[in-house]
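Visitor: Please take a close look at the aromatic ring pairs in this model. I would like the geometry of the pairs, where they sit, and whether the rings are buried or exposed.

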Amino acid sequence: MVLKCIYFAGSLCFLLYGMKLMSDGIQKGAGQKLQKALAFVTGNRLVGLLTGMVLTMIIQSSGATTVMVVTFVNAGLMTLQQSISVIFGANIGTTITGWIVALFGFNFKMELLAVPIFGIGYLLTIIKRIHKENVGHAIMGFALLFIGLGWLSSSFQLESGGTFAQLLVRVQGYGALSVLIGVAVGTVITGLLHSSSAMSAIIITMAYNGLITWEFSAAMIIGSTIGSTVDAIMASFGAKPDAKRVAAVHVLFNLSTAVIALLLFTPFLNFVDFITPGHAAHQIIYHITMLHTVFKVFGAVLFLPFTKQIEWLMRRLIKDDANAIPTEYHLEFNERMAAESPEGCVFRVQREIAAFSDVVVEMFDSLQEGLRAPSREFVEHQLPLIEQREQYTDQMQDEILHYLVRCTHLHLSDESKDNVSLMMQLAGEMESMADGCLNIANQIKKSVDRNMTFPAEDVDRLLPYFELARQFLYFIQKNIANMQSLSAEQFQFASDLEQQIDDERRNLRRVARDRLENGGDVRSELLYIDMVRQIEKFGDRCFDVASELGKKVRATARA
């Protein structure tokens, strides 16, 4: 009996590992294109539904899709309303695993071909010259999935006279109560496995071996839908209110469709029997797979027209924190995301780098009025805000670097590894720019404290110079937002801006020195020269960022 249990556990682990290896290989092979497609989904409900469905079909994990959605909403990459339709689509997409198992797992005896398929995948991973390692891992995972499925089927045959089979047969004889027991079993096991796709494969395998009836299989499928919400719940721990609302949508949607299906249980099964060829007793694997698909599609079609109303309800149920003022920055490393979609972790932090640049832009913009007309009002109102933001950017750099270091230990595609290295450089440059903003603000304060005044013509020259630096910063901000590589023309534009800033600095310094030689106020002129130098250093930082982005496009071209 112990050996039978070990055989069953080992078979199940092979199945789960095969699914994970296939999912990871596909995600790494696609780089961050899948995450970008998800993050930039439009407000159209149908597009969101299709995006969630196709993405889940590709990566073979509704859990990974759901965790990404929760994380992206938490990062501000998606709105709550956009996420609702994607969640609905992910629920439909997860049924593809059942169809793969039903179509290939038993009729074509894929287990016999799994070993040579695994060998082909392994060859792709060791032949480095063709750069198909990720494809190889996906193929190996596909093979392991069917090896595990074949062994799992054998383990159920071995158990046919054991306690497990007897218990299943006994609970299926309780009439309506057995349906509720099936739902409970499906919920608990799916929650433990963290995979409704794996659970559907297990249910199909048990039904194929005659351990469970058509009705009990349907009940377990419905229960697996409820159990699959555990990933969204875990991903929402410590998240912002909108991310918690996404998890709540997933839970309530799956729970509501499960309740409706149970209330209409007999008519629902009769409908599936009607649209599926063959009798359920002889074609049970297709009936189960069709039921899973119809169940998910029915729920999506039923609730998709009401995404706005669902959003309104979620905002009523989960209130915003009235005291949530961003005085401290914290970037949580989502372990569930790292396990389900390591590529998503990298894409997640890209949004934080973009937010970092947004803070720097706000700081730099707030300096303009102080440069135009230094005043006590600027010192009392704007300077404290700049100081607060500078402290905030210090925290951002520390948290982002810590997060990125953890990302380096994940199994990432080459593209994501390059992005991690790039973002480490960008975080340092952004923090240095924030320091530069504070330095300029302190120089404005010094001029106010010492009652220094600059000639009107100096201010007239300084503001266009400042505007050049701001134009450079906006250029950088736009490209950082999407981690966009610079084209040759864009890099040339950055080089020209940097040269203009350098040339103008020399002109401004020469004018200030001429006034010094002609008896101008030494303290005022030196402070003016220092301001010019600080703005020029800011331009240098912008050019350093442009150079890093330029390296990225050159690396992409070499690849």
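Guide: What follows goes through two ring pairs and then a cluster. The model is predicted, and a search of the whole structure finds 10 aromatic pairs. A pair of aromatic rings is described by the distance of the centres and the angle of the planes.

Take Phe364 and Phe466 to begin with. Their ring centres are 4.3 Å apart and their planes meet at 10 degrees, so this pair is stacked; the cut-off for that label is planes under 30 degrees apart. Phe364 belongs to helix H19, residues 342-365, while Phe466 belongs to helix H23, residues 456-481. The pair therefore ties together parts that are 102 residues apart in sequence. As for exposure, Phe364 has a relative accessible area of 0% and is buried. Phe466 is buried as well, at 0% relative accessibility.

Helix H23 also holds Phe472 and Phe475, which are 3 residues apart, so about one helical turn separates them. The centres of the Phe472 and Phe475 rings lie 6.5 Å apart with the planes at 45 degrees, so the pair is tilted. That angle falls between the limits of 30 degrees for stacked and 60 for edge-to-face. Phe472 is buried, its relative accessible area being 0%. Phe475 has 13% relative accessibility and still counts as buried, because the limit is under 20%.

Finally, there is a cluster to note: Phe88, Phe253 and Phe303 form one aromatic cluster.

Note on methods
Residues are numbered from 1 along each chain as its sequence is written. This is a predicted model: local features need pLDDT of at least 70, side-chain atom pairs count only at pLDDT 80 or more; totals for chains, interfaces and linings use all residues. Side-chain values use heavy atoms; hydrogens and water are left out. Rings of Phe, Tyr and Trp (its six-membered ring) pair if their centres lie within 6.5 Å; planes under 30 degrees apart count as stacked, over 60 as edge-to-face and the rest as tilted. Helices (H or I, at least four residues) and strands (E, at least two) are DSSP runs, numbered from the N terminus. Buried means under 20% relative accessible area, exposed over 50%, partly exposed in between (1.4 Å probe, protein chains only).
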